[in-house]
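Here are my notes on this structure, set out as numbered points for someone meeting it for the first time. Please keep the sequence and the 3D view open while reading them.

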Amino acid sequence: INAKHYWLANKKHHVYTTFGFNGTYSNVAIKNEFLNSIAWENLNDFGFGNQLKYQLNNPFLGIEYRFIYKKFTSTLGAFLQSYHLKNQYTSETNTFSSIKFEPDLKLEYEFNSSEKVQFNYVVSNSYLGAENYTNRWQVNSFNTLFKGNAILQNVQYHQAVMHYSKFNMYSGINTFGSLSFNKKNKNIRNQVSLIGIDQFYETVMSDQPDTNWDISGYLTKRVKKIELNSKASFGFNRYTQVVNDDGIDSKRDYQMIGAGFKTLFKENPNIELSYSKTFS
């Protein structure tokens, strides 16, 4: 639910006020059983099986100030978010409440009607879905068990994104590019214990930061009734993975390149063909 009020003081100065409410409600019921020589038997006595009612209420209030000067537009926002989380199990109930301040900055410059660059910086908080709060074991595969965490709290994100786009109707060339940076001062990850081929995953809060860079580009060229395209993206992730109680500094990088074409007939059938390769 979201309500927004627009006040246009004049052509250059705008003020937007927002009031809203987000609500998430889930019921989770997971059973694990094993088959003996006669019938199925429940594994509840061995720490398996989950029964959970999950409620996340999030009312919020925000104000944004927009300033327009020639080709430059800036929007500065401030949001006050109230989070109320309740997890109800068969034997216990956990509740968490917090009030968070989340700033938001948007900058945009239009070189002309077909070319512009945008920058956005935001601080946001989020909670995981209900399955991550299940506090008993569940079977994921023949050698993998998973258990959530009943006392997980929010994770705060710092995210900065820059977009560039240019459209040229005469040459038929369109260009898109983006650069993004994401950082979490605290993180939620699955801690893993390895016993032979068996894997035991538990969701834990971590004080170790998690940083991620993403770079991507997309180019199209129109030649009569055919549009050629090429794309590339790169990602660099740095984090700490806990394995058998040892924190391991880890990285996950990927590179993707691709190209293709499609026809642009109005009456005849069209064909689209593309190929991409990802390295990680």
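1. I begin with a single residue, in what is a predicted model. F234 has a relative accessibility of 32% and therefore counts as partly exposed, since that class lies between under 20%, which is buried, and over 50%, which is exposed. In the chain, F234 belongs to strand β16.

2. F234 does not stand alone, for together with M162, L179, W213, I215 and F236 it forms a nonpolar patch on the surface. The accessible area of these residues together comes to about 490 Å². Two strands, β15 (210–223) and β16 (226–243), each contribute at least two residues to the nonpolar patch.

3. As background to the patch and to the core that follows, it helps to remember that nonpolar side chains in soluble globular proteins tend to be buried together. In this model, the largest nonpolar core consists of 15 residues, and those with the most contacts inside it are L52, Y54, L85, Y127 and Y133. The elements that give two or more residues to this core are β5 (50–69) and β6 (72–89).

4. Which residues does Y127 contact, leaving aside its neighbours within four places in sequence? The list includes Y54, L85 and Y133, which also appear among the core residues with the most contacts. Y127 is in contact with L56, Y83, S98, Q153 and N154 as well.

5. Strand β6, which gives residues to the core, also holds T75. Is T75 buried or exposed? Its relative accessibility is 10%, so T75 counts as buried, the limit for that class being under 20%. If residues up to four places away in sequence are not counted, T75 touches E64, Y65 and R66, and it also touches D104, L105 and K106.

6. Turning to the protein as a whole, one finds 18 strands and zero helices. The radius of gyration is 25 Å, well over the 19 Å that the globule rule gives for 280 residues, so the protein is more spread out than a compact globule. Taken along the principal axes, the box filled by the C-alpha atoms is roughly 75 × 50 × 45 Å.

7. Some totals complete the picture. Of the 280 residues in the protein, 30% are buried, while the exposed area is about 18000 Å², with carbon and sulfur atoms supplying 57% of it. Among contacts with a separation of 6 or more, 55% are between residues 24 or more positions apart.

Definitions and conventions:
Residues numbered from 1 in each chain as written. Predicted model: local features only at pLDDT ≥ 70, side-chain atom pairs only at ≥ 80, totals over all residues. Heavy atoms only, no water. Core = buried A, V, L, I, M, F, W, Y, C linked by side-chain atoms within 4.5 Å. Buried < 20%, exposed > 50% of the residue type's maximum accessible area, 1.4 Å probe, protein only. Helix = DSSP H or I, 4+ residues; strand = E, 2+ residues; numbered from the N terminus. Contact = heavy atoms within 4.5 Å. Patch = residues over 30% accessible without salt bridge, like charges linked within 9 Å, V, L, I, M, F, W, Y side chains within 5 Å. Areas by Shrake-Rupley, 256 points an atom, 1.4 Å probe, with all protein chains shown as cover. Salt bridge = Lys/Arg side-chain N within 4 Å of Asp/Glu carboxyl O. Rg over C-alpha atoms; globule rule 2.2 N^0.38 Å.
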